[in-house]
Amino acid sequence: MSDPNEPNSSLLGQARKLQAILESAVDAIITIDGQGAITTVNPAAARLFGYEQSEFLGRNVHFLMPEPYHSEHDGYIRNYRSTGRRKIIGIGREVTGRRRDGTLFPMHLAVSEFEMDGRAHFTGIIHDLSDRKATEMALRHAQKMEAMGQLTGGIAHDFNNLLTVIIGNLEMLESKLTSPSQRELTTEALEAADLGARLTTRLLAFARRSHLEPESVNLNSFVVGLTDMLHRTLGATIYLSNALTPNLWSARVDPSQVESAIVNLAVNARDAMPDGGRLLIETGNAAIDAEMSGRLDGLPPGDYVRLSVSDTGMGMSHAVRERAFEPFFTTKGQGRGTGLGLSMIYGFAKQSGGLAMIDSTGDKGTTVTIYLPRYRVEPPRAAEDGDAEVTAPGAGQTILAVEDDDRLRKLTVSRLTQLGYVVLSAASGAEALERLATSQGVDLLFTDVVMPGGMSGYELRLQARALYPHMPVLLTSGYAEELAGNRTAHEDLKVLRKPYRLAELAAAIADALKL
């Protein structure tokens, strides 16, 4: 005779099996009856939505949904039961969930129908898409910023060539004027050209194509050194304080970019606190592991120096925060900002091998954090035998100037001649190599970096050095292209950034001739 308790034992075993599956499932699982009331919920659902499991039971499932789904959910069930038309059941789709704290998150919802005790019930399996959506958004953001960087880099390159011609000719004209009113006009024009140069510098910093001049620095020193100036800039209604980490690691960055970043962030914070508030500048050492790397837009694991600027201002909405690093995007009134401050900081951090991030919510203030790679100081390179002897500049040395832009090449020849050099010129890398082969005693190669014809100034430098190992080379560029940015550690590139004044040209030539 069979055991009368055997069916009950089998049902109990099935129930325990189902319970074990619910308890161990990574995704949230919720069952509801035909009226939408929750009958079963697993621990993963409790963790995902932020409620205790007991708080789900008996409630209509629409309390986990934002509008318009909250109001329309029960209608979906009635429509399905009366027409059989499916929206999610057996199909699955991406929808939005609402946690206990009111925050919304993306999720994939798969729903199936089953019958129990003659009544229809539904099971929903919910997969949190927050991490995947964040990764997709970070990728789109990176692609968009790279595309905009390429565009701004190209524009700035051409604009810097024009500014170099404008500044150079204005300087030559100024030296020939005797009337004070005429000299005043050229001075104002030169100042306007300098403003244009600063604009392109900020564009290039965003585009990560500016030529940085990194040094080993301690960020604490910069913060302390800028404190007095920031007090005057921020005004009496802003309380400024510092939280500087002792024994802060060094970073190898361009000092001017660091100063500009701190000042820009402080001014932005001031503008976000029109009625006053607190501004905190913090530094710290950050050891980034693989897990943290995932939360920091894929910042490579390693040691970093952290610089944070926090304010108690009005904060940013989600939409503003998503666009804050874009060039020319600003929430300030007309004439109050160019929209390049944060984009410049973003570009500077990325070009330095780090990252800039914004944490901000409306009415709760903003924190901008910059991560810069730790720098371990290496011993200086000893002078090698056979280094070129120092030659006095402006004493008739021969310079080969290579520039594809006709106007800029003509100006460069005139300027170098004015400085006391014998000047040869070439319009391309190939022509420059021919001039080197047929000319005797070229003391310096002065070449643009970006040139048509398949040979860049960097490649010209390598070929010229192969023929004449001790010949100094000075590069000039409207932007620091990837070739110059990817130089190897043993190379000592000399780069003169366009646009430049005559005095800057003279100093750069003299410095290059010392090699």
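# Exercises on a predicted structure

The structure holds 5 aromatic pairs, where rings of Phe, Tyr and Trp (its six-membered ring) pair if their centres lie within 6.5 Å, and planes under 30 degrees apart count as stacked, over 60 as edge-to-face and the rest as tilted. This is a predicted model, in which local features need pLDDT of at least 70, side-chain atom pairs count only at pLDDT 80 or more, and totals for chains, interfaces and linings use all residues. Residues are numbered from 1 along each chain as its sequence is written, and side-chain values use heavy atoms, with hydrogens and water left out.

## Exercise 1: aromatic rings

Describe the aromatic pair formed by Phe-49 and Phe-105, and say which parts of the chain the pair ties together.

Begin with the geometry: the ring centres of Phe-49 and Phe-105 are 5.6 Å apart and the planes stand at 65 degrees, which makes the pair edge-to-face. Next, place the two residues, for which helices (H or I, at least four residues) and strands (E, at least two) are taken as DSSP runs numbered from the N terminus. Phe-49 lies in helix H2 (residues 43-49) and Phe-105 in strand E4, so the pair ties together parts that are 56 residues apart in sequence. Then consider accessibility, where buried means under 20% relative accessible area, exposed over 50%, and partly exposed in between (1.4 Å probe, protein chains only). Phe-49 is buried at 1%, and Phe-105 is buried as well, with a relative accessible area of 2%.

A further pair can be treated in a similar way: the rings of Tyr-51 and Phe-56 have their centres 5.6 Å apart and their planes at 70 degrees, so this pair is also edge-to-face. Both Tyr-51 and Phe-56 are buried. Finally, Phe-49, Tyr-51, Phe-56, Phe-63 and Phe-105 form one aromatic cluster.

## Exercise 2: the open sheet

Work out the order of the 5 strands in the open sheet, and state which of the strands are at the edges.

Two strands pair if DSSP finds at least two bridges between them. Reading across the open sheet, the order is E2-E1-E5-E4-E3, and the pairing is antiparallel. The edge strands are strand E2 (38-41) and E3, each of which pairs on one side only. From one strand to the next, the twist averages 35 degrees, with axes taken as lines fitted to C-alpha atoms (for helices over the stretch in contact) and angles running from 0 to 180 degrees between N-to-C directions.

Now look at individual pairings. Strand E1 (residues 28-33) pairs with strand E5 (residues 119-128) in the antiparallel sense over 6 bridges, and Ile-29 stands opposite Ile-125 in E5. E3 and strand E4 (residues 104-116) likewise pair in the antiparallel sense over 6 bridges, with Arg-98 opposite Leu-104 in E4. The strands E3 and E4 form a hairpin with 5 residues between them, and Gly-102 in the turn has a positive phi of about 95 degrees.

## Exercise 3: salt bridges

Count the salt bridges, then explain which parts of the chain are tied together by the pair Glu-94 and Lys-133 and by the pair Arg-501 and Glu-171.

Side chains of opposite charge can pair when their charged atoms come close. The rule requires a side-chain nitrogen of Lys or Arg within 4 Å of a carboxyl oxygen of Asp or Glu, and the count comes to 12 salt bridges.

In one of them, the side chains of Glu-94 and Lys-133 meet with N and O 2.9 Å apart. Glu-94 lies in strand E3 (residues 93-98) and Lys-133 in helix H4 (residues 130-174), so this pair ties together parts that are 39 residues apart in sequence. Glu-94 is partly exposed at 40% relative accessibility, and Lys-133 is partly exposed at 25%. The two residues also belong to a network of salt bridges that links Glu-94, Arg-132 and Lys-133.

Turn next to Arg-501, which forms a salt bridge with Glu-171, the closest N and O atoms being 3.5 Å apart. Arg-501 lies in the loop between strand E17 (495-497) and helix H15 (502-513), and Glu-171 in helix H4, so the pair ties together parts that are 330 residues apart in sequence. Arg-501 is partly exposed, with a relative accessible area of 26%, whereas Glu-171 counts as buried at 15%.
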